[in-house]
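Q: I have a model open on my screen and would like to learn how to read it. Could you walk me through it?

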Amino acid sequence: MSEKAMRAAMPRMPRERFLRLGAVGLAGLFLPRLVARADGRTEYVVRAGDTLSVIARRHGVSVTELREANGLRGDRILVGQRLTIPESGLTYIVHRVQRGESLSVIARRYGVTVTEVRAANGLTSDLIRPGQELRILQKTVSPAERRFIRGVVEATRRIRVEKGRWQTIVGHHSGIDRGNAASYDRYHRRERRMENGLAYHFVIGNGRDSGDGEIEIGDRWRRQIQGGHVRDHAVNMTSIGICVVGNFEKSRPSLRQMQAFRELVDYLRNEVLAGQPVNFAVHREIDRNHTLCPGRFFPTAAMHRRYG
Ligand SMILES: [Zn+2]
């Protein structure tokens with residue numbers, strides 16, 4: 001740890017006293033765990049048994065972010081040490097428990113773990129009751145981690161998102177190896193007679209007719225209008241359609257396509273639509289018996305583990 005970081009980490013405690021308390025493990029007993037600082041940032045006081053990864057996970061930030069915010073080189077931390085929690089990860093929303101909901105159902109809906117919900121609410125068991133309000137940690141992607149959605153973020157800042165409208169995010173494949181937003185737009189207008197063109201809100205390229213992992217923004221997202229990507233009108237009215245270019249009955253999506261897909265869904269759920277539950281589905285789960293979309297090689301199960 002640099003000297004500067006050391007000073008920042010222990011603003012009020014002389015080094016000798018810090019070491020003594022640290023050595024006997026008393027600091028953790030007497031110090032509050034979270035300290036609000038004058039500049040509005042949050043500090044965490046390390047307790048016996050804490051590790052960087054546990055602290056990072058508890059606050060929804062990465063170990064790298066935690067290290068950077070505190071000028072740490074390695075993983076060594078001391079009891080009583082004050083760590084700055086980077087701001088990017090700390091946003092909570094409030095969920096009011098409905099009848100019949102369990103902690104795991106709620107956690108999955110918001111894309112967090114049961115452990116995180118327990119930690120954020122100081123719960124010692126999984127017992128919850130209807131009407132109870134739970135804080136849900138919203139994980140945001142730090143700007144440095146964004147590789148594929150910068151354009152989406154910029155474009156989305158310029159439009160007024162109809163937050164209440166969007167309840168579900170639906171994953172699709174295009175079913176063919178070629179194409180991009182423009183070619184699918186032409187197809188949907190001419191062959192499918194869709195006056196609003198491209199039926200999806202986003203198209204993620206495979207490197208042939210657009211970049212590998214490039215996210216193209218559909219006109220329907222810019223205009224905040226219904227999609228045309230499933231059969232049911234009511235579902236089209238309330239769901240965001242993301243099409244990944246390729247036929248995933250035959251081959252796998254690329255790593256870059258799936259990273260772009262996760263970044264996009266994370267961003268939509270955790271930032272654009274933060275504060276409301278957003279379901280995740282793939283096309284065939286909605287139009288059962290009518291389509292294989294997005295194909296057997298699309299990692300549907302993994303996406304459900306991530307998004308509920
Ligand atoms: Zn589909």
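A: Let's start with contacts: two residues are in contact if their C-beta atoms, placed from the backbone, lie within 7 Å. Here, among contacts between residues at least 6 apart in sequence, 71% join residues at least 24 apart. Do keep in mind that this is a predicted model, where local features need pLDDT of at least 70 and side-chain atom pairs count only at pLDDT 80 or more, while totals for chains, interfaces and linings use all residues. Residues are numbered from 1 along each chain as its sequence is written.

Q: What does pLDDT average over the chain?
A: pLDDT is the predictor's confidence in each residue, from 0 to 100. The average here is 83, and 80% of the residues score at least 70.

Q: Where does pLDDT stay under 50?
A: As a general idea, where pLDDT is low, the predicted coordinates should not be read in detail. In this chain that applies to residues 1-32, where pLDDT stays under 50. The model has 36 contacts beyond four places in sequence for that stretch.

Q: How many helices and strands does the chain have?
A: Helices (H or I, at least four residues) and strands (E, at least two) are DSSP runs, numbered from the N terminus. By that count the chain has 14 helices and ten strands.

Q: What share of the chain is buried?
A: A residue is buried if 20 or more other C-beta atoms lie within 10 Å of its own, exposed if 12 or fewer, and partly exposed in between; the C-beta atoms are again placed from the backbone. Of the 308 residues in the chain, 32% are buried.

Q: In what order do the five strands of the open sheet come?
A: Strands of a sheet pair through backbone hydrogen bonds, either parallel or antiparallel. Two strands count as a pair if DSSP finds at least two bridges between them. Here the order is 8-7-9-6-10, with mixed pairing. Strand 8 (212-217) and strand 10 are the edge strands, each pairing on one side only. On average, neighbouring strands of this sheet are turned by 20 degrees against each other, direction ignored; for such angles, axes are lines fitted to C-alpha atoms (for helices over the stretch in contact), and angles run from 0 to 180 degrees between N-to-C directions.

Q: How many bridges join strand 6 to strand 9?
A: Six, and the two strands run parallel. One place to look is Val-170, whose bridge partner in strand 9 is Gly-241. Strand 6 is also joined to strand 10, by four bridges and again in parallel. There, Thr-168 has Asn-279 as its bridge partner, and Gly-171 stands opposite Val-282. Strand 9 is joined to strand 7 as well, through three bridges, also parallel, with Phe-202 partnered by Ile-242.

Q: Why is strand 6 largely enclosed by the rest of the structure?
A: Because five of its six residues are buried. Strand 10 has an alternating pattern: Phe-280 and Val-282 point to one face and are buried, while Asn-279 and Ala-281 point to the other and are not.

Q: Which residues touch the most other members of the largest nonpolar core?
A: A nonpolar core is a set of buried Ala, Val, Leu, Ile, Met, Phe, Trp, Tyr and Cys residues joined through C-beta atoms within 7 Å. The largest one here has 35 residues, and those touching the most other members are Ile-169, Phe-202, Val-203, Ile-204, Ile-215, Ile-242 and Leu-264. Elements supplying at least two core residues each include strand 6 (168-173), strand 7 (202-206) and helix 12 (255-272). Helix 12 gives the largest share, six residues. For a close-up, try Ile-215: leaving out residues up to four places away in sequence, those it touches include Phe-148, Val-152, Phe-202 and Leu-264.

Q: Which peptide bond is cis?
A: The one from Cys-293 to Pro-294, with omega near 5 degrees. Pro-294 lies in the loop between helix 13 (283-286) and helix 14. Asn-289 is placed in the loop between helix 13 and helix 14 too, and has a positive phi, near 70 degrees, in a residue other than glycine.

Q: Is Arg-193 buried or exposed?
A: Exposed, because just 7 other C-beta atoms lie within 10 Å. Arg-193 sits in the loop between helix 9 and strand 7, and its phi is positive, about 60 degrees, although it is not a glycine.
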